[in-house]
Amino acid sequence: MPVPLAPYPSPPAPVTTPANGSQSQLVCSGCRNLLLYPVGATSVCCAVCNAVTAVPPPGTEMAQLVCGGCHTLLMYIRGATSVQCSCCHTINLALEANQVAHVNCGNCRMLLMYQYGARSVKCAVCQFITSVGASTSATEQKFTT
């Protein structure tokens, strides 16, 4: 009598986001992990750290910046003027693209970003202060503290 053969098990279905966009994502306010949540949720509990993160209202434009204190990527609602880091509690200025200018550090040549109207900018890498005021020449000095 022939023995029936069992079929090969089917491969697991790949995890995909539904095509209708019924999921969204945000950064956990506790551990900074990326969280997926269903559209319509008002808050999300992180499975890693159990922190509850509020979901911004639908249609809210989000922006990102890197914390000046601990270099953590922060997400915030576009239009905010400052953002407090949940990791190191540094209060970061949230500037729009048209409010900032760029200059290369006078010492290490790192590209620096600063607010329009500033007279100088301090390099976070080498602590060098580069003058950027329009009325002054490019005087630069080493910051010592």
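This is a walk through the predicted model, stop by stop, with something to select at each one.

**Whole chain**

Start with everything shown as cartoon. You'll find 13 strands and zero helices, so colouring by secondary structure gives an unbroken run of β elements from the first to the thirteenth by the DSSP-based assignment. Now switch on a surface. The chain has an accessible surface of about 10,500 Å², and carbon and sulfur atoms account for 58% of that area. Colour by burial next: of the 145 residues, 23% are buried. As for how the chain folds back on itself, take the contacts between residues at least 6 apart in sequence: 13% of them join residues at least 24 apart.

**The three annotated spans**

Select 28-52, 67-91 and 105-129. An unreviewed UniProt entry labels each of these as "domain: Zinc finger LSD1-type". Zoom in on 67-91 and put a distance between its end C-alpha atoms: it reads 8 Å. This span is 36% strand and 0% helix. Then do the same for 105-129, where the end C-alpha atoms also give 8 Å, with 40% strand and 0% helix in between.

**Stop 1: Gln25 and strand S1**

Go to residues 23-27, which form strand S1, and pick Gln25. Is Gln25 buried, partly exposed or exposed? Its relative accessibility is 46%, and because the partly exposed class runs from 20% to 50%, Gln25 falls there. Now add Leu35: Gln25 and Leu35 are 10 residues apart in sequence, and their C-alpha atoms are 5.4 Å apart. Show side chains around Gln25 and you'll see contacts with Leu34, Leu35, Leu36 and Tyr37, once residues up to four places away in sequence are set aside.

**Stop 2: Thr53 and strand S4**

Move on to residues 52-54. This is strand S4, and Thr53 is in it. Thr53 has a relative accessible area of 8%, so it counts as buried, the cut-off being 20%. What surrounds Thr53? Skipping neighbours within four places in sequence, Thr53 is in contact with Leu26, Val27, Cys28, Ser29, Leu35, Ser43 and Val44. Pick out Ser29 from that set: its backbone nitrogen sits 2.9 Å from a polar atom of the Thr53 side chain.

Back up a little to Asn50, in the loop between strand S3 (43-45) and S4. Asn50 is worth a look at its backbone torsions, as its phi is positive, about 65°, though the residue is not a glycine. Asn50 is exposed, at 55% relative accessible area.

**Stop 3: Val103, Thr130 and strands S9 and S12**

Select 100-104 for strand S9, then pick Val103. Beyond its neighbours within four places in sequence, Val103 touches Met110, Leu111, Leu112, Tyr114, Val121, Thr130 and Val132. Draw a line from Val103 to Thr130: they are 27 residues apart along the chain, with 8.5 Å between their C-alpha atoms.

Follow that line to Thr130, in strand S12 (residues 128-131). How much of Thr130 is accessible? The relative area is 2%, so Thr130 is buried, under the 20% limit. Now show the backbone of Gly106: its nitrogen lies 3.0 Å from a polar atom of the Thr130 side chain.

Next, step to Gln127, in the loop between S11 and S12. Gln127 is not a glycine, yet it has a positive phi of about 70°. With a relative accessible area of 29%, Gln127 is partly exposed.

**Last stop: the largest pocket**

Finish with a pocket display. The largest pocket has a volume of about 770 Å³. Of its 25 lining residues, Val66, Cys67, Gly68, Asn92 and Met113 are the closest to the centre, so select those five as sticks by the lining criterion used here. Which elements give two or more residues to the lining? They are strands S5 (62-66), S8 (91-93), S10 (111-115) and S11 (120-122). Colour S10 separately if you like: it contributes the most to the lining of the largest pocket, at five residues.

Key. Residues numbered from 1 in each chain as written. Predicted model: local features only at pLDDT ≥ 70, side-chain atom pairs only at ≥ 80, totals over all residues. Heavy atoms only, no water. UniProt positions renumbered as here; feature names shortened; annotations may be inferred. Helix = DSSP H or I, 4+ residues; strand = E, 2+ residues; numbered from the N terminus. Contact = heavy atoms within 4.5 Å. Buried < 20%, exposed > 50% of the residue type's maximum accessible area, 1.4 Å probe, protein only. Areas by Shrake-Rupley, 256 points an atom, 1.4 Å probe, with all protein chains shown as cover. Polar contact = N/O pair within 3.5 Å; in protein donor to acceptor, adjacent residues only side chain to side chain. 1 Å grid on protein atoms, 1.4 Å probe; cavity = no way out; pocket = protein on both sides within 12 Å on 5 of 7 lines; lining within 4 Å. Points joined across faces, edges and corners; volume = space filled by probe spheres on them.
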